[in-house]
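Trainee: I should be grateful for a close look at one part of this protein chain. Please choose a single helix and describe its surroundings.

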Amino acid sequence: MTNADVQELADLLKALGEINRLSLVCRLCECETPQKAMCLCDCCDVDASGVSRHLKLLSQEGVVSVKKQGRERNYTLNRTYVADRLRFLANKIDSTKEGI
């Protein structure tokens, strides 16, 4: 595992490690269509501007994709990316455990 791999995982876990951001990700897991930030506000204990800041950070880390439509932004969970990175870590943990 390279330093870049470790840093990428650390950044992902840091992004997911805050309760409001994880709540947003969990909500997006339930959605089949892109969601507006305002529609996601009820899953967090922060106001609309806080939700937007959390979504921006999740976007920067590749957890969500954002598509602008006029003044609105629609957010989609990058399911494959998140699942692949977490699965990679889980597999790494499992393979290390077996070697003990």
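Mentor: The following account concerns helix 4 and its place in the chain. The model is a predicted one. The protein chain contains five helices and three strands, arranged along the sequence as α-α-β-α-α-β-β-α. Its C-alpha trace spans about 50 × 25 × 25 Å along the principal axes, and buried residues account for 28% of its 100 residues.

Helix 4 comprises residues 48-60. At 1.5 Å a residue, its 13 residues should span 18 Å, and the C-alpha atoms at its ends are 18 Å apart, so the expected span and the model agree.

Which residues of helix 4 are buried? They are Gly50, Val51, His54, Leu55 and Leu58. These residues lie on the same side of helix 4, because they cover an arc of only 135° around the axis. The underlying geometry is general: an α-helix has 3.6 residues a turn, so residues three or four places apart point the same way. On the face turned away from the buried side, helix 4 carries the exposed residues Arg53, Lys56 and Gln60.

The cover over the buried residues of helix 4 includes helix 1 (3-16), helix 2 (19-29) and helix 3 (37-40), together with strand 2 (64-69) and strand 3 (72-77). For the protein chain overall, 53% of the contacts with a separation of 6 or more involve residues 24 or more positions apart. Just after helix 4, glycine 62 adopts a positive phi of about 85°.

Definitions and conventions
Residues are numbered from 1 along each chain as its sequence is written. This is a predicted model: local features need pLDDT of at least 70, side-chain atom pairs count only at pLDDT 80 or more; totals for chains, interfaces and linings use all residues. Side-chain values use heavy atoms; hydrogens and water are left out. Helices (H or I, at least four residues) and strands (E, at least two) are DSSP runs, numbered from the N terminus. Buried means under 20% relative accessible area, exposed over 50%, partly exposed in between (1.4 Å probe, protein chains only). Contact means heavy atoms within 4.5 Å. The expected span of a helix is 1.5 Å times one less than its number of residues. The arc is that of the directions from the helix axis to the C-beta atoms.
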